[in-house]
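Biologist: I am new to this structure and would like to go through it with you. Could you show it to me before I start asking?

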Amino acid sequence: MDRTPRLVQGNQAIAAAAIYAGARFFAGYPITPSSEIAEECSKKLPKVGGMYMQMEDEIASVGAMVGAALTGSKAFTATSGPGFSLMQENIGMATIGEVPCVIINVQRSGPSTGLATKPSQSDLMQIKWGRHGDQAIIALAPASVAECFALTVKAFNLAEKFRTPVILAADEIVAHMRENFIEPLPGELEVIDRKKPSGPPAQYRPFEPSEDMVSPLAAYGSEYVFHITSSMCGPEGYSNNDPANATWKIKQLHEKIAMHRDEIVETKTFDADEAQLDILLIAFGGTTRVARAAALKLRQEGVKAGVLQLVTVWPFADLEVLKYGSKAKTVVIPEMNYSGQIADEVKRVLGPAADIRRVNKYNGEVITPQDILQVVKQSN
Amino acid sequence: MSTVYNLKREVEKPARLTGGHRLCAGCGAGIVVSGVLRALDKEDRAVVVNATSCLEVSTFIYPYTAYMDSYIHSAFENSAATCSGVEAAYNALKRRGKVEGTVKFITFAGDGGTYDIGLQSLSGAMERGHDMVYVCYDNEAYMNTGIQRSSSTSRFARTTTTPIGSAGQGKKQNKKDLTEILVAHHIPYVAQTAPIGNFKDLHTKSYKAIYTEGPCFLNILSPCPRGWDYPMAQLAEITKLAVDTCVWPLFEVEEGVWRMTYTPKKKLPVEDFLRPQGRFRHMFKPGNEWMIAEAQAYVDQKWESLLERTGV
């Protein structure tokens, strides 16, 4: 196996990682800046016995993905901005139907067509709350080409393990970035497959309550005959409007994510282990790289600065943010949106007394280390 | 206004899609759109609705616009719905005597925005019966996002999502027959045209579509030098070859009556159309003769059925 580093684009790494993770079905619709994922899949999936299906729009893409996932395949789709908006209803369907699948959202600016197709990190609340109804979601945000690969594999693993849609919240920065990259060998990264039923088919119930809150999922076309619906349903998969059942189901959808948060939530730290910090930068996605550059510069100037990277964006890393945030005099959050979607979460965790500084850029340009340093120096 | 076509008179009208837009050299879209808008009577106003497309990004670049008429770009999937709203509200005001003058409502969308993501919106607008024209400028793939296949892409064509290699040889499916889908809506006027010759066919059909009351639909072939991979100076030849090989026949369906508007003097073999285009290059490799034969058979079959319907 060739172990020479190759210059790989983030989107290419995502497509390669999906195949590595066992994905064999892609349904999608072209949209910049995610189209390379579709193009890669159209070339590579047929070579591994997989299927690339180009759909008539994003509603169809996510619909086909859900259908394919229920035949036992690992299925995914990729989109951006307006396409992600169109996908919302069916992502909700995957949530209530507990259908394992992965949606890549290469974030670009908005609202609507917006600054097509410039980078942005402004879909975080849409990723969390974009569907009607109350639900929990998992979202991961890569900061490099290597993480595009690793987190795509992780996204499939979490989707399979917890029977849920997982969003890879990439951004245009990492998706179009090219870096030296060595693809992991088979076996080097863990690949998880969904739990399958083993009992008698006649007794199979697709939403059987279980201790880990994840029931085995059979495959359409197998000897297991089962129903999945976007409506509220009971353990046997049939529509059920009983208030007691709805209480159980909504609670279960939230708690199956909450009770496994330690497996789901991943953070990384850079120079953040001292007992006291002057500055803690909390960053995610492409902006992490900028935060690290700013922190290094501050270190050179004698400022005790560190970085907490939110690899998992949702569920939010409350414990980690509290642990690192409470030992810093000032917390700085760079993000490519106006409203401070992550800064508000950090404020919720650290409380109103914390010195929280925001660095927001929403003009299609990438935040620079200078942008961060300027805000840091104002606060000192 | 005389309906007899006079090229000199038409080109002397002030352009309603002005020069200076950023469409590629050798692109059909600019000619299609300026040709349709030229059919408007000088004194009439228009509202142009545009789906997300090459056309939209190239004719409406900050801080410029190429349109002399009012313009709205909403999204990719709903230009017909947006146009429905503009038309319905304007005509409601007109019926109540609150506005005066003639305003025409014209939507432009590419094949992606029409055959695929916008089909539901288009079908709804045609069925409700808005007094509007919907123009599909058909370049047979998603050129704006980097040449991915659409349901309008013809069989065997190479695109970035129907690559040529060991696992595939271009698109596997035939082109969707959108014009027939629109005919099935039983609207007053449906036509298929292309910017050939002195644009008489394009002009006459555009005029009819704009000035026929009710929903009208034009499907207009719009070659793309990037996606079709032909030298940009050959736009006129490529368009003409599409028509003369009967790959893209010119016809209209007016109140349900089919009429051929152009019959080639000599029907050319389909390979004359395929050969100059890079997207079909693999069809000419030894061993792939069957592809050309199947493409020819498909064109022949469609052409025969059109001859029958138009009573030629």
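Modeller: Gladly; what follows is a talk about some terms and where they apply here. This is a predicted model, in which local features need pLDDT of at least 70 and side-chain atom pairs count only at pLDDT 80 or more, while totals for chains, interfaces and linings use all residues. Residues are numbered from 1 along each chain as its sequence is written, chains are lettered from A and ligands numbered from 1 in the order in which they are written, and side-chain values use heavy atoms, leaving out hydrogens and water.

Biologist: Let's begin with one residue. Why is Tyr211(B) called partly exposed?

Modeller: Buried means under 20% relative accessible area, exposed over 50%, and partly exposed in between (1.4 Å probe, protein chains only). Tyr211(B) has 25% relative accessibility, so it counts as partly exposed. The residue lies in helix α8 (residues 200-211) of chain B; helices are DSSP runs of H or I with at least four residues, strands are runs of E with at least two, and both are numbered from the N terminus.

Biologist: What makes Asp41(B) a polar partner of Tyr211(B)?

Modeller: A polar contact is a pair of N or O atoms within 3.5 Å; within protein, one must be able to donate a hydrogen and the other to accept it, and residues adjacent in sequence count only if both atoms are side-chain atoms. Here the backbone nitrogen of Asp41(B) is 2.8 Å from a polar atom of the Tyr211(B) side chain. Leaving aside residues up to four places away in sequence, Tyr211(B) touches Ala39(B), Leu40(B), Asp41(B), Asp44(B) and Lys104(B), where contact means heavy atoms within 4.5 Å.

Biologist: And why is Glu365(A) partly exposed?

Modeller: Its relative accessibility is 47%, so Glu365(A) counts as partly exposed. You will find Glu365(A) in the loop between β14 (356-360) and α13 (369-379) of chain A. Its C-alpha atom is 7.2 Å from that of Pro119(A), although the two are 246 residues apart along the chain.

Biologist: How do you know that strand β4 of chain A is mostly covered?

Modeller: Six of the six residues in β4(A) (residues 74-79) are buried. Lys74(A), Phe76(A) and Ala78(A) are on one side, with Ala75(A), Thr77(A) and Thr79(A) on the other, and both faces are covered.

Biologist: Which strands pair with β4(A)?

Modeller: Two strands pair if DSSP finds at least two bridges between them. Strand β2 (residues 23-28) of chain A runs parallel to β4(A) with three bridges, and Phe25(A) has Ala75(A) as its bridge partner. Strand β5 (residues 101-107) of chain A is also parallel to β4(A), with four bridges, and there Thr79(A) stands opposite Asn105(A).

Biologist: What makes β10 of chain B an alternating strand?

Modeller: In a regular strand the side chains alternate between the two faces of the sheet. In β10(B) (residues 257-260), Trp258(B) and Met260(B) point to one face and are buried, while Val257(B) and Arg259(B) point to the other and are not. Strand β9 (residues 251-254) of chain B is joined to β10(B) by four antiparallel bridges, and Glu252(B) is opposite Arg259(B).

Biologist: Finally, how many residues of each chain are in contact?

Modeller: 19 residues of chain A are in contact with 19 residues of chain B. There are seven residue pairs in polar contact between the chains (both at pLDDT 80 or more).
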